[in-house]
Every structure is written in structure tokens, then in C-alpha cells.
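The following exercises ask you to work through charged side chains and strand pairing in one protein structure. Read each task, look for the residues yourself, and then compare your reasoning with the worked solution.

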Amino acid sequence: QVQLVESGGGLVQPGGSLRLSCAASGSIGWIYDMGWYRQAPGKERELVTVISSSGNTNYADSVKGRFTISRDNAKNTAYLQMNSLKPDDTAVYYCNAEVRMPLFLGGSIDNYWGQGTQVTVSS
């Protein structure tokens with residue numbers, strides 16, 4: 001089984017910064033895409049950003065220029081640097097990873113989700 005654990009959430013003032021981490025562990029052969037989603041109260045979960053194993057990135061228009069996704073393949077970890085935070089960024093942030101299982105466990109490719117970490121932007 002693969003587990004994704006997010007960390008780094010918390011309370012920050014408008015204009016401040018936070019850095020989220022997503023560490024994958026378990027039966028991992030290789031991780032292809034890793035991404036961050038978020039869900040605010042009363043809203044659907046939305047894509048924030050995604051990064052491929054080669055470093056190709058994509059961002060939602062609402063966070064372009066403010067958020068930066070990165071990853072360390074050796075550590076199976078993704079990061080989300082969030083700058084110039086706004087109250088509208090308040091949400092639970094979820095990590096997602098496309099994982100290939102080791103061949104001895106079947107070698108299947110599946111998506112996994114973390115439990116989420118709360119980000120609150122408020123004065």
C-alpha cells in the first residue's frame with residue numbers, strides 16, 4: 001500500500017507564505033505525476049498544480065505567479081511553495097500521486113491521495 005502524508009499547513013496572514021510537503025511511502029516502484037489539489041468549504045476539489053517526473057509543470061490560473069511546485073524524486077516527495085497568499089487560498093490541500101507499483105506486486109499504475117492539510121489565510 002502507498003501512503004501520502006502532507007505537512008506544512010497552518011494559519012498565515014494575507015500576503016504571507018507557506019511551504020507544503022507531500023511524502024510518499026510504501027510499495028513504490030516509480031512516481032509519475034505528483035500534484036496538489038485543494039477544496040474549500042462548499043466548493044468542489046480543484047487542481048492547483050501538477051508536476052511530472054521530468055519536471056514539467058502546470059498551474060491553475062488562480063495561483064500562477066504565486067505558487068511553485070517542485071519534487072525530489074529520490075525522496076518521493078513533492079513540495080508546494082505558496083507566496084502572496086490570499087484569503088481565497090484557504091482550503092484543505094491534498095496531495096495526489098500517480099504511482100507504479102513494484103513489479104513483484106504487479107506493476108500496476110494507480111492514483112493515491114493524501115489525507116489533506118489545512119491552509120487558512122486570515123488576519
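In this predicted model, a network of salt bridges links Arg-38, Glu-46, Arg-66 and Asp-89. The exercises begin with this network and then turn to the strands around Arg-38.

**Exercise 1.** Find the salt bridge between Arg-38 and Glu-46, and decide for each of the two residues whether the residue is buried, partly exposed or exposed.

Solution. Begin with the contact itself: the closest N and O atoms of Arg-38 and Glu-46 are 2.8 Å apart, which lies within the 4 Å that a salt bridge allows. Next, take Arg-38, whose relative accessible area is 7%; because buried means under 20%, Arg-38 is classed as buried. Finally, Glu-46 has a relative accessibility of 35% and therefore counts as partly exposed.

**Exercise 2.** Which parts of the chain does the pair of Arg-38 and Asp-89 tie together?

Solution. First, note that Arg-38 also forms a salt bridge with Asp-89, in which the closest N and O atoms are 3.0 Å apart. Then locate the two partners: Arg-38 belongs to strand E4, while Asp-89 sits in the loop between strand E8 (77–82) and E9, so the pair ties together parts that lie 51 residues apart in sequence. As a last step, consider the surroundings of Asp-89, which is buried with a relative accessible area of 2%.

**Exercise 3.** How many salt bridges does a search of the whole structure find, and is Asp-61 buried or exposed?

Solution. The search of the whole structure finds four salt bridges. One of the salt bridges joins the side chains of Asp-61 and Lys-64, with a distance of 3.0 Å from N to O. Asp-61 has a relative accessible area of 65% and is exposed.

**Exercise 4.** Describe how strand E4 pairs with E9 and with E5.

Solution. Start with E4 (residues 30–39) and E9 (residues 91–100), which pair in the antiparallel sense over eight bridges; within this pairing, Val-99 in E9 is the bridge partner of Ile-31. Now turn to E5 (residues 46–51), which runs antiparallel to E4 and is joined to E4 by five bridges, with Thr-49 in E5 standing opposite Trp-36. To finish, follow the chain from E4 to E5: the two strands form a hairpin with six residues between them, and Gly-42 in the turn has a positive phi of about 80 degrees.

How values were computed
Residues numbered from 1 in each chain as written. Predicted model: local features only at pLDDT ≥ 70, side-chain atom pairs only at ≥ 80, totals over all residues. Heavy atoms only, no water. Pairing = 2+ DSSP bridges. Helix = DSSP H or I, 4+ residues; strand = E, 2+ residues; numbered from the N terminus. Buried < 20%, exposed > 50% of the residue type's maximum accessible area, 1.4 Å probe, protein only.
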